[in-house]
Amino acid sequence: MTVVSTSRPTALATSRISRSRLLDTPRAGWAMALPAFLLLTLFLIVPFVLAFVLSFTNQRLVSPNPTEFVGTSNFESLLGANILTLEPLRDEASGEVIRDDTGVPTYPPVRGFTRNNPDFPQYSGMRELFGWQMGDNRVVILARDVVFMRALGNTLLFVLIVAPGQGGLALLLALLINQKLKGVNVFRAIYFMPVVVSIVVVALLWRFIYDGQNGLLNSLLGLLTFGAFKPIDWLGQTGTALGSIIGMSIWQAVGFHMVIWLSGLQTIPISLYEAAHIDGANNWQKFRFVTWPGLRNTAVLVLIVITMQAFALFAQVNVMTDGGPLDATTTIVLQAVERGYVKQDIAGGSAVSVVLFLMVLTISLVQRYLTREKY
Amino acid sequence: MNRRGLLIGATLASVLMTTAAFAATELSMWYHGAGNPVEREILAGIIADFNASQADWSIKLEEFPQGAYNDSVTAAALAGKLPDIIDVDGPNMPNWAWAGYMAPLELPAGTLDNFLPGPIGEWNGTLYSVGLWDAAVAMVARKSTLDEFGIRIPTVTEPWTGDEFNAALEKIKASGKYEYPLDLGMAWTGEWYPYAFSPFLQSFGGDIVDRTTYKTAEGALNGEAAVKFGEWWQHLFTDKLAPGTSQDPADRDSGFASGKYAISWNGNWAALGALTAFDDTLFLPAPDFGHGPKIGAASWQFGVSASSQHKDGATAFITFALQDKYLAAFSDAIGLIPPTPAAAAMSKNYKEGGPMAAFYELSKVQALVRPVTPGYVVEAKVFEKALADIANGAKVADTLDAAADEITADIEKNKGYGL
């Protein structure tokens, strides 16, 4: 209670100060801020509010029908999921479980439960997302919108690999080029180059590099292994497609984060290194106890920026695979565009964006909490 | 008002009156073919002829690149700035008519009497658009290849049966002479999938949507016939009879000419290239998988926008453009199929005995337009994804079920698209 009573006047005081400052600001200041305010409102705030509102309607891109509120049905069809336990097929006479040649029990098709089966209305229209074996039974996770679930999974996997991968590689590069060597600027320029080139151009070039027959990567691997390497259709296989896009994405933006790390490195006073040197610290100890603590704020920034960018993954996928093969590379933003624009379902696309917004918001709040200053 | 004021007023009024009487009213027209000088030249020629032939209307042409065209029309419609005459891709027409972008097209009686069915854009019993040409697809093969493998040369009246076609592919594959026996053009994503591949499904007895009601895809896209089609489709890729979704676009364009593929499923727009590559190129009808051989129809067409203030002028221009000589000119320049027998007779490639006359026949006998419904825009995308997924190894029945569900749900969400 005492805490509240002592803190209240201070809060009031600060708000009074900031308010009077706001009013005291000369008109010229407001006038200068006006264009930016207008543009921000028009292109950030209005679309954001619209997306939120539209996700609860049945708004279409092209339609003579009036828009109606439909409650949360867009979200229900997006996020609906259920669990189905399948019992193995049994031989009618003996009651024995029927097994295939490898000894795995056989099961009735999921389709029998999800389509036109009045006994299981809760599964109607759902599809198998994945499943696993539990004893002789098979547990299947069903989703109402399998493609969106895949997009969700792919995006999360992308973030989980790219955030530490790109951040770490960028730090390594930054440490390498933060030395007083001749011609180090050439390397800085080279590492930074992919950032300057448009992502669409980079993605097109990498499509040629990943080409299944005579792409650069396949030719190179073939050359290195003296022809023993069998060409892989990198973007055409479900197993390699997302990995290929992850690799290319890390390479493309690593230079940008390298520059941020570099600026962080250069704020660390040389005297600290000299002191560590006198204390007899080796290179690892210098990094661990001087460099790393000095980079704390930079690390938070880099991590948050990479996470945000990774969640917005779209251009590479759109150019290189368009979400295929078999949804192996589809992402949340790609789905939002696909639904809202290509399939003219603005409401559905908005619902996808709202889900993405809530995810990114949660994750950045968690990141902020985890990386907060501890006293 | 003094005398001077009166005088000025009178002069102004007379100037206004004479302009109204003597200057033609300007009509705007949008076209999707920016960047194609040949098309532009012909269209500009028609417009110049029309403007000179009468004094009431003057057409002003604006061109857009094809990739950005549909978006531009949607944006213009939302802003209320549609041109008087719009150019529309045949299967998109019902969507735009339903959305209120297009007005019914009232051509003089008998104008379309001799037309092929494809270029006539009718929806809900009303004419909205008409095309100056049609497009068709054929199995392109060399006579020498077919002879070498002892494959019968099919005719329009006696096309290959499904079994015959499969056997032919297996035979060519077994010889090992070609990278793939069949090239379906999987590299051409987008509208090519429903345009070129839904006729196979229809020949099996399925369809993208149930055309009797246009209210559901259940049974049409995931019925027994459709599943059979899906299994056949998948076997083309699992048995390596055709290159899959990761086909190199360059191979699609040059693979037949360079001898990578024995048979190519390709449009008449690529026919000139195939003819110059080999002197024994044949254009063969689609195989019959049980419900007759089918190919797609309907290409870009012209219509009048609903917001046009001068619908009579716009209609007059479209009527004027439908003269046989213009239809033949378009055909000669870009290899498209002229929609009337008279225009076909005047054209270089489609006249009796012309090198591409086969396409005219195919278009007349086998053509089936894509589903005529405002929902087609969505259905085409769903179908494309389903076919790509099946080609990549997805479970056939499940994939078709999901596609049918998505289409049916879309129709419901749109309250039956006005039907």
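Two strands pair if DSSP finds at least two bridges between them, where strands (E, at least two residues) and helices (H or I, at least four residues) are DSSP runs numbered from the N terminus. The exercises concern a predicted model, in which local features need pLDDT of at least 70 and side-chain atom pairs count only at pLDDT 80 or more, while totals for chains, interfaces and linings use all residues. Residues are numbered from 1 along each chain as its sequence is written, and chains are lettered from A and ligands numbered from 1 in the order in which they are written.

**Exercise 1. The sheet of chain B**

Task: determine the strand order of the open sheet of four strands in chain B, and find the residue that stands opposite Ala141(B).

Solution. Begin with the order, which is β8-β9-β7-β10 in chain B, with mixed pairing. The edges are then β8 (180-183) and β10 (281-284) of chain B, each of which pairs on one side only. On average, and ignoring direction, neighbouring strands of this sheet are turned by 20° against each other; such angles run from 0 to 180 degrees between N-to-C directions, with axes fitted as lines to C-alpha atoms, for helices over the stretch in contact. Next take β7 (residues 137-142) and β9 (residues 261-267) of chain B, which pair in the antiparallel sense over five bridges. Ala141(B) finally proves to stand opposite Ile263(B) in β9(B).

**Exercise 2. The sheet of chain A**

Task: identify the edge strands of the open sheet of three strands in chain A, and say what their position leaves without a neighbour.

Solution. The order is β1-β3-β2 in chain A, and the pairing is antiparallel. β1 (81-86) and β2 (127-134) of chain A stand at the edges with a single partner strand each, so one side of each has no neighbour in the sheet. Between β2(A) and β3 (residues 137-143) of chain A there are seven bridges, and Glu128(A) stands opposite Leu142(A) in β3(A).

**Exercise 3. Two packings of one helix**

Task: describe how α5 (residues 146-177) of chain A crosses α9 (residues 238-265) of chain A, and how α5(A) packs with α12 (residues 296-311) of chain A.

Solution. The axes of α5(A) and α9(A) come within 6 Å and cross at roughly 45°. These helices are therefore oblique to each other, given that angles under 35 degrees count as roughly parallel, over 145 as roughly antiparallel, 65 to 115 as roughly perpendicular and the rest as oblique. Their crossing is right-handed, meaning that the near helix is turned clockwise from the far one by less than a right angle. The residues of this contact divide into 19 nonpolar, six polar and no charged, where Ala, Val, Leu, Ile, Met, Phe, Trp, Tyr, Cys and Pro count as nonpolar, Asp, Glu, Lys and Arg as charged, and the others, Gly among them, as polar.

For α5(A) and α12(A), the angle is about 145° and the axes are 9 Å apart; this crossing is right-handed. The contact residues include Phe158(A) and Val162(A) of α5(A) and Leu303(A) and Ile306(A) of α12(A), and by class the contact has ten nonpolar, four polar and no charged residues.

**Exercise 4. A loop residue**

Task: locate Thr161(B) and decide whether it is buried, exposed or partly exposed.

Solution. Thr161(B) lies in the loop between α5 (143-148) and α6 (162-175) of chain B. It counts as partly exposed because it has 15 C-beta neighbours inside 10 Å, the cut-offs being 20 or more other C-beta atoms within 10 Å for buried, 12 or fewer for exposed, and partly exposed in between, with C-beta atoms placed from the backbone. Leaving aside neighbours within four places in sequence, Thr161(B) is in contact with Pro287(B) and Asp288(B), contact requiring C-beta atoms within 7 Å.

Definitions and conventions: Two residues are in contact if their C-beta atoms, placed from the backbone, lie within 7 Å.
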